[in-house]
Amino acid sequence: MRASILRSPSPLPGFGLSFGIMMAILSIVVLLPIGALLGRGLMIGPADLWDMVNSRRIWSALSLSFRAALIASLFNLAFGLILAWVLVRYRFWGRKLVDAAVDLPFALPTAVAGIALTALYAPNGVFGQVLAPLGIKVAYTELGIWMALIFIGLPFVVRTVQPVIEELEREVEEVSATLGARRAYTLRRVVLPTLAPAALTGFALALARSVGEYGSVIFIAGNIPNLTEIAPLLIVIRLEEYNYDAAAAIGIAMLLISFAMLLAINLVQIWSRRRIGLV
Amino acid sequence: MSDITLIRAESVTTEPRLVRGVVIATVLALIAVLLFAPLIAVFAEALRQGWAASLEAFASADAQSAIRLTLIVAAIAVPLNAVFGIAAAWAITKFDFRGKAFLITLIDLPFSVSPVVAGLALVLLFGVNSSLGAWLVANDLKIVFAFPGIVLATMFVTFPFVARELIPVMIEQGRAEEEVALTLGASGWRVFFTVTLPNIRWALLYGVLLCNARAMGEFGAVAVISGKIRGETTTMPIMIEMFYNEYLSVAAFSLAALLALLALVTLTLKSALEWRHADLLAATRRH
Amino acid sequence: MHIEIDELAKEFGTERALHPVSLAIPSGALIALLGPSGSGKTTLLRVLGGLEFPTSGRVLFDGQDATGLSVQERRAGFVFQHYALFKHMTVFENVAYGLRARKRRERPTEAEIGRRVNRLLDLIQLPDIGARYPNQLSGGQRQRVALARALAIEPRMLLLDEPFGALDAKVRKELRQGLREIHDRTGLTTVFVTHDQAEAMEIADLVVVMSMGRIEQVGKPAEIRAKPASDFVRKFTEA
């Protein structure tokens, strides 16, 4: 095995052992289950699979999951860029606290975030009470789903863009100024293009995470079929009905969306590495 | 400090004071609403009926078994993922083999798969109506709706954490120190324990920390595979959902507050690691 | 120890780093492998040390086939270009590493290890730095510590990859003589890689000029100066 997999032999030992452990755990935890899901799809057959996915309820759920994820991730793309810039370039009281707090959505369990957001935005909640007279309903509407997805996707763009800003060469901005560019022009034409690949990577990661998000959304969404019912919840409902084929059909649809986004992330990274040598 | 610096920046590489002030204020306001408010809400709701009511929530058998189960699951899933991460990082960074890039993509895959889909995939693999599941049942091995399934689901969703922290650090450190240890006569294990492990220990701790936080808080995947059998397969997040749906708000938020405290401890340790060992984690932060 | 290299070749994928090369290194000699980057000199050194495995050919130590020996079994004192000191260990622990890594039966007592490490630190003329960490040392000190660490295992030969490459010009000159002296005192067969012809000519007994994976010429410094075997050798060794 050693000779066939390794490109060249190495004096360091442990390839067989480490490769073996890696493949064993990877297979049991990830590859075999994913394979079982795809295998189930093959057994059902594409035609039946399509029939099962092709219902109004499922299409609304899938498009809701994707639409809300897209909206939340676009917000996080813009806010993340600004936040990363502020955290690296500006000095202000509480900067380190904010910097540490950005990772809160990574550390806080999604179910906890879900019930907390619901408590805030419910009609009798702290924010809900303020918004209700204005005619804005957040909890149990699509707006609530956006809020939940903004919360869980917030750190991604900040954390991919921040290190790139830290390594920006100030000389480039200075050159731009000496060439007569105004600050806004420099930011738009010099700084932003440099940050774009990292920002897109962060955006894609946030999108991938948001499309499949479950825990933080189901509490605030209200889960009304065709309106605020997300695709992962539909899987859970089908499973509770022991309708494994229907659950697998929706699961495969979501998996394909994940694969597409993973591919997109890789393409963005290849493109950016070619272009400016950054990962 | 004249009003000139208010509208014209003091350096060409920054923005005017006025712009900075407005941007900082906006950002702080948004952070307060989006991040701090939910966090405060957890504790406020938990203490809505006072400390006593909140602490009483932990006295229930349901809450205690949920806490115990969550701790045991993390105690198994996190070390297994650490072993995986170390093995993967060693194989990937110390050797050149075909298909390495594809392998890294596979390791990252769980980050882009919905936790619910992960749970579903595990149910389909190990559930009664698969051939493997039927065999398991015949041999009295329960995975779905049982403890092993919860561990597997937890491992799935936290799968890449340790490997992702270690791989960039080990790439940056290269192979020279390990090679020199070999020329000095050290065995493979000795090289690993005396040279490699000390070099990656902070990155490892960092990865384990993040892995643990996610493991204890996982909801979607566990919700699907655990079957939510009260007192048996209910982890803390599942128990929170049950309490919440039963309108036991204080109990739900009290358990949630415990998990939120864990999140705060995680963040504090993480920040401390970043400040104290910035150099050793530098490679990590760049990815 | 007498080293013989017999038709040794090394390929990385489709790239040939070493065409079959042969070379005899007499016992106790100080040899320079001289050439530009990509000439195969570092590959040859790493093959000798057991860090790379040849695609074909043999290596003989004192007439015995050593091609299949593991890196640990070769007992070659290897000094890396950037020294690869263990950053998390003190200088003392770095130098003692090879002794402590021995099997229990062959391992000296801690007291003996202490004596040997101190003797080596004396040899490199840095007797008082045992408690320091590598990042508290200057470049020249690091190089000498790496040398002491390699010598601690009582190596059968000394292999150095660009030992002066990471140093500034003044320190480099001093340490050249240092290497020559240590070689003369230990009598070890020593091979070092360099791209600097002045360095090779100044301290080596025998210079091996390499280019594009081939050996162009082997000879004493004076011979190579007087009678370069090819245009390449003449141009590369012009001062």
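Surface patches are made of residues with over 30% relative accessible area and no salt bridge, nonpolar side chains being joined within 5 Å. In this predicted model, one nonpolar patch covers about 290 Å². B:Ile72, B:Ile76, B:Leu80 and B:Phe147 make it up. The main contributor is helix α4 of chain B, residues 61-94, which supplies 3 residues. B:Ile72 is found in this helix, α4 of chain B. Its relative accessibility is 40%, so B:Ile72 counts as partly exposed.

Chain A is helical. It holds 14 helices and 0 strands. Along the sequence its pattern is therefore an unbroken run of α elements, as the cut-offs for helices and strands define them. The C-alpha atoms of chain A fill a box of roughly 70 × 65 × 30 Å along the principal axes. Of the 279 residues in chain A, 57% are buried. Contacts in chain A were also sorted by sequence separation. Among those between residues at least 6 apart, 72% join residues at least 24 apart. The accessible surface of chain A is about 12,000 Å². Carbon and sulfur atoms account for 66% of that surface.

Chain C contains strands, and β7(C) illustrates their setting. This strand spans residues 157-161. All 5 of its 5 residues are buried, so β7(C) is largely enclosed by the rest of the structure. In a regular strand the side chains alternate between the two faces of the sheet. Both faces of β7(C) are covered. C:Met157, C:Leu159 and C:Asp161 are buried on one side, and C:Leu158 and C:Leu160 on the other.

Two strands pair with β7(C). Strand β6 of chain C, residues 76-79, runs parallel to β7(C) and is joined to it by 4 bridges. Here C:Val79 stands opposite C:Leu160. Strand β8 of chain C, residues 189-194, also runs parallel to β7(C), with 5 bridges between them. In β8(C), C:Phe192 is the bridge partner of C:Leu160. From β7(C) the chain passes through helix α6 of chain C, residues 169-186, to reach β8(C). This β-α-β crossover is right-handed.

Salt bridges number 40 over all chains. In chain A, the side chains of A:Asp103 and A:Arg159 meet at 3.1 Å, N to O. A:Asp103 lies in the loop between α5 (95-101) and α6 (104-107) of chain A, and A:Arg159 in helix α9 (residues 142-166), so the pair ties together parts 56 residues apart in sequence. Both A:Asp103 and A:Arg159 are buried.

In chain C, C:Asp6 and C:Arg58 form a salt bridge of 3.3 Å, N to O. C:Asp6 lies in strand β1 (residues 3-12) and C:Arg58 in strand β4 (residues 56-61) of chain C, so this pair ties together parts 52 residues apart in sequence. C:Asp6 is partly exposed, with a relative accessible area of 27%. C:Arg58 is partly exposed at 36% relative accessibility.

A further salt bridge links C:Arg176 with C:Glu199, their closest N and O atoms being 3.9 Å apart. C:Arg176 belongs to helix α6 of chain C and C:Glu199 to helix α7 (residues 197-203) of chain C. The two residues are 23 apart and link distant parts of the chain. C:Arg176 has 6% relative accessibility and counts as buried. C:Glu199 is buried as well, at 2%. Finally, salt bridges that share partners join A:Asp99, A:Asp103, A:Arg159, B:Lys270 and B:Glu274 into one network.

How values were computed: Residues are numbered from 1 along each chain as its sequence is written. Chains are lettered from A and ligands numbered from 1 in the order in which they are written. This is a predicted model: local features need pLDDT of at least 70, side-chain atom pairs count only at pLDDT 80 or more; totals for chains, interfaces and linings use all residues. Side-chain values use heavy atoms; hydrogens and water are left out. Patches are made of residues with over 30% relative accessible area and no salt bridge: like charges are joined within 9 Å, nonpolar side chains (Val, Leu, Ile, Met, Phe, Trp, Tyr) within 5 Å. Accessible areas come from the Shrake-Rupley method with a 1.4 Å probe; for residues, only the protein chains shown count as cover. A salt bridge is a side-chain nitrogen of Lys or Arg within 4 Å of a carboxyl oxygen of Asp or Glu. Buried means under 20% relative accessible area, exposed over 50%, partly exposed in between (1.4 Å probe, protein chains only). Two strands pair if DSSP finds at least two bridges between them. A crossover is right-handed if, with the strands pointing away from the viewer, the path from the first strand over the helix to the second runs clockwise. Contact means heavy atoms within 4.5 Å.
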